[in-house]
Amino acid sequence: AQSHGLSTIAFPCISTGVYRFPGEEAAQIAIKTVRDCLNSLEFTEVRFVVFLERDQEIYSQLLKDS
């Protein structure tokens, strides 16, 4: 994204619906990965895109707790 001059990026909640990957584990992985990379990248905005209310609740709680 940065090589294309983008300053914002969004990540969808992948495989937690039909493929039944555990939502909380997916959110933990996504949040940790973004945090680990933010120090070396220059994004002004990162969005986690969710489709299910339960995923929204998981992300909200994990981001609030950290």
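What is the volume of the largest pocket? In this predicted model, the largest pocket has a volume of about 160 Å³. A good place to begin is the overall layout, to which the pocket can then be related.

The protein contains two helices and two strands, and from the N terminus on these elements follow the order β-α-β-α. Along its principal axes, the C-alpha trace spans about 35 × 25 × 15 Å.

With that layout in mind, the lining of the pocket is easy to trace. Strand 1 (8–12), helix 1 and strand 2 (45–49) are the elements that each give two or more residues to the lining. Helix 1 gives the most, with six residues. The full lining consists of Ile9, Phe11, Ile29, Ala30, Thr33, Val34, Cys37, Leu38, Leu41, Phe43, Val46 and Phe48. By residue class, the lining divides into 11 nonpolar residues, one polar residue and no charged residues.

Helix 1 also takes part in a helix–helix contact. Two packed helices are described by the angle between their axes and the distance between the axes. Here, helix 1 (residues 23–38) packs with helix 2 (residues 53–65) at an angle of about 45°, and their axes lie 10 Å apart. Helix 1 is therefore oblique to helix 2, since the angle falls in neither the roughly parallel range (under 35 degrees) nor the roughly perpendicular one (65 to 115). The crossing of the two helices is right-handed. On the helix 1 side, the contact is made by Gly23, Glu24, Ala26, Ala27, Gln28, Ala30, Ile31 and Arg35, while helix 2 contributes Asp55, Ile58, Tyr59, Leu62 and Leu63. The residues of this contact divide into eight nonpolar, two polar and three charged. Ala30 of helix 1 appears both in this contact and in the lining of the largest pocket.

Notes:
Residues numbered from 1 in each chain as written. Predicted model: local features only at pLDDT ≥ 70, side-chain atom pairs only at ≥ 80, totals over all residues. Heavy atoms only, no water. Axes fitted to C-alpha atoms, helices over the stretch in contact; angles between N-to-C directions. Helix = DSSP H or I, 4+ residues; strand = E, 2+ residues; numbered from the N terminus. Parallel < 35°, antiparallel > 145°, perpendicular 65-115°, else oblique. Left-handed = near helix turned anticlockwise from the far one by under 90°. Contact = heavy atoms within 4.5 Å. Nonpolar A, V, L, I, M, F, W, Y, C, P; charged D, E, K, R; others polar. 1 Å grid on protein atoms, 1.4 Å probe; cavity = no way out; pocket = protein on both sides within 12 Å on 5 of 7 lines; lining within 4 Å. Points joined across faces, edges and corners; volume = space filled by probe spheres on them.
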